Amino acid sequence: MIKIFLCSILLFSSSAIGYLISLGYSFRIRDLNDIQSALNRLESEIIYYSTSLPLAMEKIAKLCNGNTSKIFEEVSKLLNSKEGYRIDEAWKISVLKFKSKTNFNREDIEIIINFGKDLGVVSKEVQKKHFNFIRDLLEEQKKKAMYQQNKNGKMYSKLGVILGLALIVILI
């Protein structure tokens with residue numbers, strides 16, 4: 001009776017670990033969608049409504065989901081502080097501060113940080129091109145993430161179950 005119970009716990013645990021690893025791929029896609037949506041809204045605020053950056057960041061923070069909103073909220077706080085942060089510094093600090101709470105990989109973080117370098121320091125036409133460029137880069141990252149999810153996500157889910165079964169066979 002105890003063996004069956006322990007084997008069940010082992011199988012459940014290994015399956016759950018495999019599932020959680022595969023879930024990380026889905027969360028990365030969700031985070032990429034969130035940042036894309038936020039940047040689209042930011043583009044509208046800056047290009048079409050001519051909203052100041054601190055106010056635009058604050059508005060976007062209220063409209064976003066999850067950890068993306070925290071990045072924009074932090075940028076707004078830093079820009080409104082009396083410490084005199086430039087937008088690129090505030091953006092980089094915020095992204096790095098919340099990167100551990102997101103599922104972005106190293107490439108995603110680099111793209112997102114690089115986005116802040118030209119934000120607010122060039123003409124609206126150049127910024128519009130910059131937004132389009134970043135949107136294309138993030139879309140490419142999202143395609144890669146979907147490919148990895150389809151390839152590796154299923155593998156880790158099944159691997160967790162198989163590993164659990166193999167451990168049960170070894171232990172019995």
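**Exercise 1. The H1 and H6 pair**

Work out how H1 and H6 are oriented relative to each other in this predicted model.

*Solution.*
Step 1: Start with the geometry of the two axes. Those of H1 and H6 come within 7 Å and cross at roughly 175 degrees.
Step 2: Compare the angle with the cut-off, by which angles over 145 degrees count as roughly antiparallel.
Step 3: H1 and H6 are therefore roughly antiparallel to each other.
Step 4: Sort the contact by residue class. Between H1 and H6 there are 26 nonpolar, 18 polar and 7 charged residues.

**Exercise 2. A buried glutamine in H6**

Stay with H6 and decide whether Gln 141 is buried or exposed, then list what Gln 141 touches beyond its sequence neighbours.

*Solution.*
Step 1: Place the residue. Gln 141 sits in helix H6, which covers residues 124-171.
Step 2: Check accessibility. The cut-off for buried is under 20% relative accessible area, and Gln 141 has 2% relative accessibility, so Gln 141 counts as buried.
Step 3: Collect the contacts. Not counting residues up to four places away in sequence, Gln 141 touches Arg 28, Leu 32, Asn 105, Glu 107, Asp 108 and Ile 111.

**Exercise 3. Cys 7 in H1**

Find out which residues Cys 7 contacts, leaving aside its neighbours within four places in sequence.

*Solution.*
Step 1: Cys 7 belongs to helix H1.
Step 2: Its relative accessible area is 18%, so Cys 7 is buried.
Step 3: With the neighbours within four places set aside, the contacts of Cys 7 are Ile 168 and Ile 172.
Step 4: For a sense of scale, take Tyr 19, 12 residues from Cys 7 along the chain. The C-alpha atoms of Cys 7 and Tyr 19 are separated by 18 Å.

**Exercise 4. The buried side of H2**

Identify the buried residues of H2 and say where they lie around its axis.

*Solution.*
Step 1: The buried residues in H2 are Leu 53, Ala 56, Met 57, Ile 60 and Ala 61.
Step 2: They cover an arc of only 140 degrees around the axis, so they are on the same side of H2.
Step 3: Recall the helical repeat. An α-helix has 3.6 residues a turn, so residues three or four places apart point the same way.
Step 4: Ask what this side faces. The buried residues of H2 pack against helix H1 (2-48), H3 and helix H4 (87-98).

**Exercise 5. H2 against H3**

Describe the packing of H2 on H3: orientation, handedness and the class of the residues involved.

*Solution.*
Step 1: Helix H2 covers residues 53-63 and helix H3 covers residues 66-80; their axes come within 8 Å and cross at roughly 155 degrees.
Step 2: H2 and H3 are therefore roughly antiparallel to each other.
Step 3: The crossing of H2 and H3 is left-handed.
Step 4: On the H2 side, the contact is made by Leu 53, Pro 54, Met 57, Glu 58, Ile 60 and Ala 61. H3 contributes Ser 69, Phe 72, Glu 73, Val 75, Ser 76, Leu 79 and Asn 80.
Step 5: By class, this contact of H2 with H3 has 8 nonpolar, 3 polar and 2 charged residues.

**Exercise 6. Two buried residues of H3**

For Glu 74 and Leu 78, establish the burial and then the contacts.

*Solution.*
Step 1: Glu 74 lies in helix H3, and so does Leu 78.
Step 2: Glu 74 counts as buried at 14% relative accessibility. Leu 78 is buried too, with a relative accessible area of 11%.
Step 3: Leave aside neighbours within four places in sequence. Glu 74 is then in contact with Ser 94, Lys 97 and Phe 98, and Leu 78 with Tyr 85, Ala 90, Ile 93 and Ser 94.

**Exercise 7. H4 against H5**

Repeat the packing analysis for H4 and H5, including the handedness of their crossing.

*Solution.*
Step 1: H4 and helix H5 (residues 106-115) pack at an angle of about 155 degrees, with their axes 8 Å apart.
Step 2: That makes H4 roughly antiparallel to H5.
Step 3: Their crossing is right-handed.
Step 4: H4 makes the contact through Trp 91, Lys 92, Val 95 and Leu 96, and H5 through Ile 109, Ile 112, Ile 113 and Phe 115.
Step 5: The classes are 7 nonpolar, no polar and 1 charged.

Terms used: Residues numbered from 1 in each chain as written. Predicted model: local features only at pLDDT ≥ 70, side-chain atom pairs only at ≥ 80, totals over all residues. Heavy atoms only, no water. Axes fitted to C-alpha atoms, helices over the stretch in contact; angles between N-to-C directions. Helix = DSSP H or I, 4+ residues; strand = E, 2+ residues; numbered from the N terminus. Parallel < 35°, antiparallel > 145°, perpendicular 65-115°, else oblique. Left-handed = near helix turned anticlockwise from the far one by under 90°. Contact = heavy atoms within 4.5 Å. Nonpolar A, V, L, I, M, F, W, Y, C, P; charged D, E, K, R; others polar. Buried < 20%, exposed > 50% of the residue type's maximum accessible area, 1.4 Å probe, protein only. Arc of directions from axis to C-beta.
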